[in-house]
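Me: Could you give me a close look at one part of this structure? I'm new to this, so a slow, plain walk-through would suit me well.

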Amino acid sequence: MSISSARLYGIATLALGTLSAAQDLGVPSGWRESSNKYSQAALVGNAVAGINAIMPQLTSYDAQFNGIGYWQGANVWSNLANNDHWAATTAYQSEVVTNLNTAWSLYANYDKWGFNDDALWWGSAAYYAYRAYDDSGMLANAVATWNHVSNYVITAADASAGSMSTKNFTIKGTCNGATMAGGVFWVRPDLSSSIFNLSMASPLICVAVHDSTDIDAITTFDWIKGQVLNSDYLVLDTVQANNCTTSPATELFTYNSGKAVEGLAVLAAVTGDAQWSDLCTNIVVAAVKNTVWQGANGVITEAFHSADAARICALAVLLRGLHEVYARSTNSDLKTLIHS
């Protein structure tokens, strides 16, 4: 993904009023497998096989993996912790906690390069470890990481003023007719105007600590509603913070939808507000039924024949988001669609 001098990283574009009102939750008959024939044991076995394939690439001195980057490494630890959580085991507890603590000791607030999204991927992994193992140290790391990054969240006051204390340039207070409050600067240095939104981070921490972080989450998703979806409920990638120009309509990636539905599933459960569960449902349907990154047979092709490790790892983010929706949703038709 290219880095421009001023862009909104994450979820960007059209006003929600242009979107369709309802989604078809039926399982397409043309899918290669229109029902899920795999048992829980088989699914866990497949997950373990994947873990066994990646673990020999671990470089334990820095908690990272050969062949993939820093943020992708965080998602490996997320997946190990979640595998234990959903399988009700502690098989990977020692490896997960040890390596997340290693990264924490090397990089304050998991901030290795000054990219806030990198820090939040690792902070989210720490939250998953807390959830899986009831480890208060992991929760403390997750909360500290969010508190660190929140210095770069555009508040309503910042948007109104067109400036904020951690940046040395004018901020667009509105884009596409809606506030920019809720966006997060992608890079910490003062002169960087790139903005992103990692929409799952604050809802996850909110669940754990029940504090004002839920207000951050609501602001983020209000921003998403104002800025962020195309007419098919697909989540776009970027918008220029200096002129509100959005990324090309062809720049559609699985992880943007994955992190959006994960955060929305959590926010809907925390608030009980139907607007978030409805929005989550619409994005899920778009993510699993579109023809942008999958064929008519339902098989995702985004990373096929690609040496791009980031693109391949992005699929794990989508699957994790869908699983979180499945686990939290009370909509039986939606759960059947995801399960299929």
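At 44% relative accessibility, what does P248 count as? After that, please take me through helix α2 (residues 70–87).

Reply: Let's take your residue before the helix. P248 counts as partly exposed because its relative accessibility is 44%, and the label goes by relative accessible area: buried is under 20%, exposed is over 50%, and partly exposed is in between, with a 1.4 Å probe and protein chains only. You'll find P248 in the loop between β8 (238–239) and α9 (254–271). Its C-alpha atom is 8.5 Å from that of D237, a residue 11 places away along the chain.

Some ground rules before the helix. This is a predicted model, where local features need pLDDT of at least 70 and side-chain atom pairs count only at pLDDT 80 or more, while totals for chains, interfaces and linings use all residues. Residues are numbered from 1 along each chain as its sequence is written, and side-chain values use heavy atoms, with hydrogens and water left out.

For the backdrop, the protein has 12 helices and eight strands. Both kinds of element are DSSP runs numbered from the N terminus: helices are H or I with at least four residues, strands are E with at least two. Of the 340 residues, 52% are buried. Take the contacts (heavy atoms within 4.5 Å) between residues at least 6 apart in sequence: 69% of them join residues at least 24 apart.

Now for α2 itself. This helix has 18 residues, and the distance from its first C-alpha to its last is 26 Å, close to the 26 Å expected. That expected span is 1.5 Å times one less than the number of residues. Most of α2 is covered, with 14 of its 18 residues buried. Right after the helix comes A88, whose phi is positive, near 60°. For context, most residues other than glycine have a negative phi.

S78 is one residue in α2 worth pausing on. Its relative accessibility is 1%, so S78 counts as buried. Leaving out residues up to four places away in sequence, S78 touches W121, S124, A125, Y128 and R320.

Next, the neighbours of α2. Helix α1 (residues 40–54) has an axis that comes within 11 Å of the α2 axis, and the two cross at roughly 155°. Axes here are lines fitted to C-alpha atoms, for helices over the stretch in contact, and angles run from 0 to 180 degrees between N-to-C directions. That makes α1 roughly antiparallel to α2, since angles over 145 degrees get that name, those under 35 are roughly parallel, 65 to 115 roughly perpendicular, and the rest oblique. The crossing of α1 and α2 is left-handed, meaning the near helix is turned anticlockwise from the far one by less than a right angle (clockwise would be right-handed). From α1, the residues Q40, V44, A47, V48, I51 and I54 meet V76, L80, N83, W86 and A87 in α2. The residues of this contact are nine nonpolar, two polar and no charged. In that sorting, Ala, Val, Leu, Ile, Met, Phe, Trp, Tyr, Cys and Pro are nonpolar, Asp, Glu, Lys and Arg are charged, and the others, Gly among them, are polar.

Helix α3 (residues 93–106) packs against α2 too, at an angle of about 145° and with the axes 9 Å apart. The crossing of α2 and α3 is left-handed. Here W77, L80, A81 and D84 from α2 meet Q93, E95, V96, N99 and L100 from α3. The residues of this contact divide into five nonpolar, two polar and two charged. Keep an eye on L80, which is listed in the contact with α1 and in the contact with α3.

Farther along the chain, N109 sits in the loop between α3 and α4 (116–133). N109 is not a glycine, yet its phi is positive, near 60°.

If you'd like a helix to set beside α2, try α9. It has 18 residues and reaches 26 Å from first C-alpha to last, close to the 26 Å expected. In α9, 15 of the 18 residues are buried, so it is largely enclosed by the rest of the structure. After α9 comes G272, with a positive phi near 70°.
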